[in-house]
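Open the structure in your viewer and keep the sequence panel beside it. We will go from stop to stop, with something to select at each one.

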Amino acid sequence: MYLTQREERALAGEYGEALEIAYRVLVATGRLSNAKELIPIKWAHVSGVSYLTIGEYGLDFLRKISRSKETKFKIFTTVNPCGMDVENWDSLGIPAEYAENQLKIISSYQKLGIANSFTCVPFQSYPVPRKGTHVAWAESSAAIYANSILGLRTNRESAVSALASALTGKTAYSDLHLARNRKPVKEISVVLKHPLRGSVGFGVLGYFAGKHVNGVIGLRGVRSIKHMAEAKSLCAAIGTVGSSGMFVLGHDPGLESVEFGEREYEETLADLSDSETGEAVVFGCPQMTIEELYEFSVAIDGKHFKKKCVVFCSSKVYSLAMRRGYADVIERSGATFVRDSCADFTPLISSLKVGSVITDSAKGAHYMKRVHGVKVALKDTKEILATCAA
Ligand code: F3S
């Protein structure tokens, strides 16, 4: 792999340990993916922010690389949700020792110069560069959205490789950065009696597609995806299983095709949903957008939840919802906002002390079952609001 003289010097440690590690990661990633060189990027999105996922080892590593005042992120860098609501962790039952470690992680990232995004839908809160721009996004749901909906170019970065890209402003020029690799390798042929609708419909399709295609997915039989909620649910579910980093709508007669009909839909739904109902409601995996909060506030206005309901969104989106009056309506319904946190990778779900939850997220269903050991009812957003609030 070709490196410039400056990159070679950084790799040899001439510009400090943090850059040496970052270039070692990029060179290793590049060699594995047959990259011929590194290219500059405009935006890094870093995951590995929750103490629940990165633990003591991750915290130590971040503290080490952020120790020097000279080590800063070279480009605009957003970060994924962390593992608790930074303002309200105490009242939400998060243990003090966990909170202390979570705050240390945040402090390390802040020293490196992050935008205080704490979101898995960074495209909602920051200006998106023009199509074709190279970025390096970790968080599979965001990376798939970037490639498939926004027309940006990114590989599905790991927490470590996205961090290396943030420190260097570069990524390996391979895979989905190259136009020739952005074509479907296999098609999912959607042959349902009724058009797909809502987060659950698109989430179930994404989960099926992610399981059956490793590479760019062709989606036949889906004319368009009208709502951002449906698009982000599809992307999140694709990213939950398998390694695909992109989908394309349309039909290519030369491609192998896998049918997604009523039977496949029902089987995939049954795989995700192992309960008819839940003791608590969880919304916001991926975190809710301002449009979703608006629709939620209209649907819930004047009603009250009959069970615990937690709603995950970023602080930025929450502040906007406050200014527009949506947050007030939602809070009056008895729902609790959890800001800047990941719906699945937080001790909060365990601290709810329930054996089952109800959610509209296929990705959430997958992870809450595995991470928190709860049963999950996967239901459409409207159905949840109709049955869980009055
Ligand atoms: Fe976002 Fe966490 Fe779900 S990062 S997509 S809320 S698993």
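What follows is a tour of a predicted model.

**Stop 1: the four-stranded sheet**

Begin by selecting strands 2, 3, 4 and 5, which make an open sheet in the order 3-2-4-5, with parallel pairing. Strand 3 (76-79) and strand 5 are at the edges with a single partner strand each, so one side of each has no neighbour in the sheet. Now zoom in on strand 2 (residues 43-46) and strand 4, a parallel pair with two bridges. Show Ala-44 here, and you will find Ala-136 of strand 4 opposite.

**Stop 2: helix 6, lying across the sheet**

Add helix 6 to the view: this helix lies across strand 4 and strand 5 and runs at about 135° to strand 4. Is helix 6 largely enclosed or largely open? Select residues 140-150 to find out: ten of these eleven residues are buried, so helix 6 is largely enclosed by the rest of the structure. The buried residues include Ser-140, Ile-144, Tyr-145, Asn-147 and Leu-150.

To see what does the enclosing, colour the elements that the buried residues of helix 6 pack against: helix 5 (122-125), strand 4 (136-138), strand 5 (156-157), helix 9 (228-240), strand 9 (247-249) and helix 15 (362-372). Before moving on, click on Gly-151, which follows helix 6 and has a positive phi, near 75°.

**Stop 3: the cores**

Next, show side chains. The largest nonpolar core has 102 residues, and those with the most contacts inside this core are Tyr-109, Trp-137, Ile-188, Leu-205 and Phe-247. Helix 2 (residues 17-32) gives the largest share of this core, eight residues. In soluble globular proteins, nonpolar side chains tend to be buried together.

Which residues does Tyr-109 contact, leaving aside neighbours within four places in sequence? Display its surroundings and look for Val-46, Ser-47, Gly-48, Val-49, Leu-62, Phe-73, Val-79, Ile-114 and Leu-163.

There is also a second, separate core of 26 residues; select Ala-321, Ala-335, Phe-337 and Ala-377 to see some of its members.

**Stop 4: two buried polar residues**

Go to Asn-101, in helix 4 (residues 96-112). Asn-101 is buried, because its relative accessible area of 9% falls below the 20% cut-off. Beyond the neighbours within four places in sequence, Asn-101 contacts Tyr-51, Glu-56 and Leu-59.

Then pick Ser-33, in the loop between helix 2 and strand 1 (38-40). With a relative accessible area of 17%, Ser-33 is buried too. Among residues over four places away in sequence, Ser-33 touches Ala-172, Ser-174 and Asp-175. If you have a distance tool, try Ser-33 and Tyr-23: these residues are ten apart in sequence, and their C-alpha atoms are 15 Å apart in space.

**Stop 5: a helix crossing**

Hide the rest and keep helix 8 (residues 198-212) and helix 10 (residues 262-272), which pack at an angle of about 95° with their axes 9 Å apart. The two helices are therefore roughly perpendicular to each other. Show the side chains where they meet: helix 8 brings Val-200, Gly-201, Val-204, Tyr-207, Phe-208 and Lys-211, while helix 10 brings Glu-264, Tyr-265, Thr-268, Leu-269, Asp-271 and Leu-272. Coloured by class, this contact has seven nonpolar, two polar and three charged residues.

**Stop 6: the five-stranded sheet**

Finish with strands 11 to 15, an open sheet with the order 13-12-11-14-15 and parallel pairing. Its edge strands are strand 13 (336-339) and strand 15 (375-378), each pairing on one side only. Ignoring direction, neighbouring strands of this sheet are turned by 25° against each other on average.

Focus on strand 14 (residues 356-359), joined to strand 15 by four bridges and running parallel to that strand. Ile-358 stands opposite Ala-377 in strand 15. Strand 14 also runs parallel to strand 11, with three bridges between them, and Val-357 of strand 14 has Ala-280 opposite.

Are the faces of strand 14 covered or uncovered? Both are covered: Ser-356 and Ile-358 on one side, and Val-357 and Thr-359 on the other, are all buried. As a last selection, add helix 16 (residues 381-388), which packs on the sheet and touches strand 11 (280-283) and strand 14. The direction of helix 16 makes about 150° with that of strand 11.

Notes. Residues are numbered from 1 along each chain as its sequence is written. This is a predicted model: local features need pLDDT of at least 70, side-chain atom pairs count only at pLDDT 80 or more; totals for chains, interfaces and linings use all residues. Side-chain values use heavy atoms; hydrogens and water are left out. Buried means under 20% relative accessible area, exposed over 50%, partly exposed in between (1.4 Å probe, protein chains only). Contact means heavy atoms within 4.5 Å. A nonpolar core is a set of buried Ala, Val, Leu, Ile, Met, Phe, Trp, Tyr and Cys residues joined through side-chain atoms within 4.5 Å. Axes are lines fitted to C-alpha atoms, for helices over the stretch in contact, and angles run from 0 to 180 degrees between N-to-C directions. Angles under 35 degrees count as roughly parallel, over 145 as roughly antiparallel, 65 to 115 as roughly perpendicular and the rest as oblique. Ala, Val, Leu, Ile, Met, Phe, Trp, Tyr, Cys and Pro count as nonpolar, Asp, Glu, Lys and Arg as charged, and the others, Gly among them, as polar. Two strands pair if DSSP finds at least two bridges between them.
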